[in-house]
Amino acid sequence: MAVHTAARDRAPDDVITTTALVKTYRQGTAEVRALDEVSVGVRRARFTAVVGPSGSGKSTLMHCAAGLDTVTSGSIVLDGTEITGLSDRQLTRMRRKRIGFVFQSFNLLPQLTAYENIVLPVTMSGGRPDRDLVDHLCEVLGIAHRVSHRPAELSGGQQQRVAVARALVARPAVVFADEPTGNLDSRAGAEVLTVLRRSVDELGQTVVMVTHDPAAARYADRVLTLADGRVVEDEHTTPSVRAAAPGRRR
Ligand SMILES: Nc1ncnc2c1ncn2[C@@H]1O[C@H](COP(=O)(O)OP(=O)(O)O)[C@@H](O)[C@H]1O
Ligand SMILES: [Mg+2]
């Protein structure tokens, strides 16, 4: 049974609104409905986790919402812009300006220092990095003392925190993280989840994280559960519940 989050859970300050989002894939002669009328709003400056079994549509939802994949039908409004009709070029520009990504496999450039990796999204689009912002980010993320090192000299947890800083540096409307702790041991994973949490609490960042790990989802304000391409549970957690969650450190 799908949970209809339509009117009551959507608000004008939602940074993402999907309406009746459908995505089908062709697999041979069969058609797979990866997203089946997903209508959901994501509130600004909140930490939303998307969970569900393998094949439930988590990655498809993230890819569509981030403009990395086209939709079959329905609407996605991202930061005030309807993105389903945009051209590839417009989508690329939209992603560069409004979205930060954190991947399971860090994706840092090995020949650059941590600092150079962090400012890359800004320098690549011809901008000048805001030194105070970068310093502040590194302070909040606990990597200030490591910025002149190359990725190979950093632990996995530090590398992923550099990737989080890189995702935050252009002040995106949304940071999407796809299994950001998937390649980390539980301690390093907790560090990364803690910095994602702090980016929401201290910087007002909006974070959407796809994870199959229930412990990771406990860091979020809200947990959307997908099954067979539908939202089957939409759970808002309160700060006290989060604080009581095991393994959570602030
Ligand atoms: N590129 C693709 N081509 C065909 N089918 C796909 C493709 N991507 C995903 N699917 C199918 O869509 C469904 C949802 O996949 P996905 O979004 O990757 O799920 P999850 O991330 O929750 O594991 C699955 O049935 C998967 O096999
Ligand atoms: Mg996936």
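## Ala20, a residue with a positive phi

Ala20 is partly exposed in this predicted model, with a relative accessible area of 29%. That value lies between the 20% and 50% limits that mark buried and exposed residues. Ala20 sits in strand S1, and its phi is near 45 degrees, a positive value in a residue that is not glycine. Why is this worth a look? Most residues other than glycine have a negative phi.

## Asp79, a second case

Asp79 also has a positive phi, of about 50 degrees, although it is not a glycine. Where does Asp79 lie? You will find Asp79 in the loop between S4 and strand S5, which covers residues 81-82. Asp79 has a relative accessibility of 26% and so counts as partly exposed.

## Strand S1 and its partners

Let us return to S1, the strand that holds Ala20. S1 and S2 run antiparallel and are joined by 11 bridges. To find one place where they face each other, look for Ile16, which stands opposite Val42 in S2. The hairpin of S1 and S2 has 2 residues between the strands. In this hairpin, Gly28 takes a positive phi near 65 degrees.

S1 also pairs with strand S4, made of residues 73-78. This pairing is antiparallel too, over 5 bridges. Here Thr17 stands opposite Val77 in S4.

## The surroundings of ligand 1

Which residues surround ligand 1? Among them are Tyr25, Gln27, Val32, Ala34 and Pro53, along with Ser54, Gly55, Ser56, Gly57, Lys58, Ser59 and Thr60. Sorted by class, this shell has 4 nonpolar, 7 polar and 1 charged residues.

Several polar atoms come up to oxygen atoms of the ligand. A backbone N or O atom of Gly57 lies 3.1 Å from an oxygen atom of ligand 1. For Lys58, a polar side-chain atom lies 2.9 Å from an oxygen atom of ligand 1. For Ser59, a polar backbone atom is 2.9 Å from an oxygen atom of ligand 1. Taken alone, ligand 1 exposes 560 Å², and the protein buries 64% of that.

## Which elements form the shell

Three elements give two or more residues to the shell around ligand 1: strand S1 (14-27), strand S2 (30-43) and helix H2 (58-65). Which of them gives the most? H2 does, with 3 residues. S1 and S2, the strands joined by 11 bridges, thus meet the ligand story again as contributors to its shell.

Note on methods:
Residues numbered from 1 in each chain as written. Chains lettered and ligands numbered in written order. Predicted model: local features only at pLDDT ≥ 70, side-chain atom pairs only at ≥ 80, totals over all residues. Heavy atoms only, no water. Near = heavy atom within 4 Å. Polar contact = N/O pair within 3.5 Å; in protein donor to acceptor, adjacent residues only side chain to side chain. Areas by Shrake-Rupley, 256 points an atom, 1.4 Å probe, with all protein chains shown as cover. Helix = DSSP H or I, 4+ residues; strand = E, 2+ residues; numbered from the N terminus. Nonpolar A, V, L, I, M, F, W, Y, C, P; charged D, E, K, R; others polar. Pairing = 2+ DSSP bridges. Buried < 20%, exposed > 50% of the residue type's maximum accessible area, 1.4 Å probe, protein only.
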